[in-house]
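Notebook open, coffee poured. I wanted to look up what surrounds the ligands and what sits behind them.

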Amino acid sequence: MKTKIGIIGGSGLYDIDGLQGAAWVDVDSPWGAPSDAILTGTLDGIEMAFLPRHGRGHVHSPSTVPYRANIDALKRLGCTDVISVSACGSFREDMAPGDFVVVSDFIDRTFAREKSFFGTGCVAHVSVAHPVCPRLGDACETAGKAAGVTVHRGGTYLAMEGPQFSSFAESKLYREVWSCDVIGMTNMPEAKLAREAELCYASVAMITDYDSWHPDHGSVDISDIIKTLGANSNAAKAMVAGLPALLGAVREDCPHGCDRALEHAIMTAPDARDPALLAKLDAVAGRVL
Ligand SMILES: CSC[C@H]1O[C@H](OP(=O)(O)O)[C@H](O)[C@@H]1O
Ligand SMILES: Nc1ncnc2[nH]cnc12
């Protein structure tokens with residue numbers, strides 16, 4: 001299979017540099033309109049598709065990002081791999097603003113979002129025990145380091161609903177009791193949906209602040225975050241530029257099985273399935289339907 005790398009850019013990252021044949025294309029999805037058009041082109045001969053999660057101009061809030069349409073649109077475009085780049089707060093002294101964390105796990109505290117492509121008329125249960133693809137994580141770690149960034153390999157990302165930042169008590173709970181490493185508002189349900197769509201997914205969390213637990217940093221201040229976002233997004237662009245050479249033109253079957261997540265996941269009997277829902281699942285689950 002030919003590699004096609006999807007990038008979802010978070011706060012501060014609304015395009016990527018250096019694409020040959022760059023064009024913003026509108027992708028129709030049965031799950032609604034994606035956050036924006038998708039920037040397509042090639043980098044080092046490999047097809048790329050970049051989607052700004054909040055839309056150009058930062059239109060969508062973390063709760064209203066159309067996560068299902070975004071993942072469906074990337075799958076529909078033929079992406080094999082999806083790398084999410086996000087701003088986040090840090091719960092660790094040694095994970096400082098400007099550093100990148102290649103996320104290894106999530107705690108999902110979001111509650112006001114559609115979290116699955118499946119439902120009444122076609123029920124499926126995929127595993128998200130290991131929600132990110134280590135093969136993609138390796139590439140992000142290597143490309144981030146090559147771009148001169150301090151990269152931490154592994155960390156648990158607390159996904160909160162937002163849009164307000166955490167209280168002091170929440171920040172201490174996530175840090176001291178739940179042992180989370182970083183916090184953001186967008187990687188869930190994105191990671192779950194990518195798994196349902198059989199897309200390899202990795203998340204690079206770019207630290208902008210120490211959330212609100214740190215005695216020397218006080219509460220989260222959006223103006224401080226915005227100052228850090230600029231440098232972080234330049235570093236993210238440099239990291240993205242290194243990914244095609246690392247991932248290569250040919251995408252073998254994922255050794256971790258991300259691309260076969262639906263193999264035994266669908267519970268609904270074939271004759272009990274809802275044809276309208278099946279039609280919407282054409283890109284995401286067509287392989288097994
Ligand atoms: C700009 S601060 C809060 C905002 O930033 C993060 O966005 P993203 O994950 O898309 O980079 C965070 O999750 C909030 O949405
Ligand atoms: N402290 C924080 N909490 C949630 N989302 C964030 N995005 C950037 N910093 C954040």
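I started with ligand 1 in this predicted model: its shell divides into 4 nonpolar, 7 polar and 1 charged residues. My classes: Ala, Val, Leu, Ile, Met, Phe, Trp, Tyr, Cys and Pro are nonpolar, Asp, Glu, Lys and Arg charged, and the others, Gly among them, polar. I listed the residues around ligand 1 as G10, S11, R53, H54, P62, S86, A87, G162, G184, M185, T186 and I225. Being near here is judged by the C-beta atom, placed from the backbone, lying within 6 Å of the molecule.

Bookkeeping: residues count from 1 along each chain as its sequence is written, while chains are lettered from A and ligands numbered from 1 in the order in which they are written. Since the model is predicted, local features need pLDDT of at least 70 and side-chain atom pairs pLDDT 80 or more, while totals for chains, interfaces and linings use all residues.

Next I checked UniProt. Its unreviewed entry puts a "binding site" feature at S11, R53, H54, S86, A87 and T186. These are spread over 176 residues of sequence, yet they cluster in space, with a largest C-alpha distance of 12.0 Å. I keep in mind that such annotations may be inferred rather than shown by experiment.

I then picked two of these positions. H54 is in the loop between β4 (46–52) and α1 (67–76); helices (H or I, at least four residues) and strands (E, at least two) are DSSP runs numbered from the N terminus. Is H54 buried or exposed? H54 counts as buried because it has 21 C-beta neighbours inside 10 Å, the cut-offs being 20 or more for buried, 12 or fewer for exposed, and partly exposed in between. Beyond four places in sequence, H54 touches S11, S35, V59, H60 and V65, contact being C-beta atoms within 7 Å.

S86 is in strand β5, and I call S86 buried because of its 28 C-beta neighbours inside 10 Å. Contacts of S86 outside its four-place sequence window include G10, G184, T186 and S203.

On to ligand 2. Of its 13 surrounding residues, A87, G89, I183, G184 and D211 come nearest. Two or more residues each come from β5 (81–90), β10 (182–184) and β11 (200–209), and β5 gives the most, with 3. I get 8 nonpolar, 3 polar and 2 charged residues in this shell.

Last look: the largest nonpolar core has 83 residues, of which I83, V182, L199, V204 and A205 touch the most other members. A core is a set of buried Ala, Val, Leu, Ile, Met, Phe, Trp, Tyr and Cys residues joined through C-beta atoms within 7 Å. β11 gives the most to this core, with 7 residues.

Terms used. Contact = placed C-beta atoms within 7 Å.
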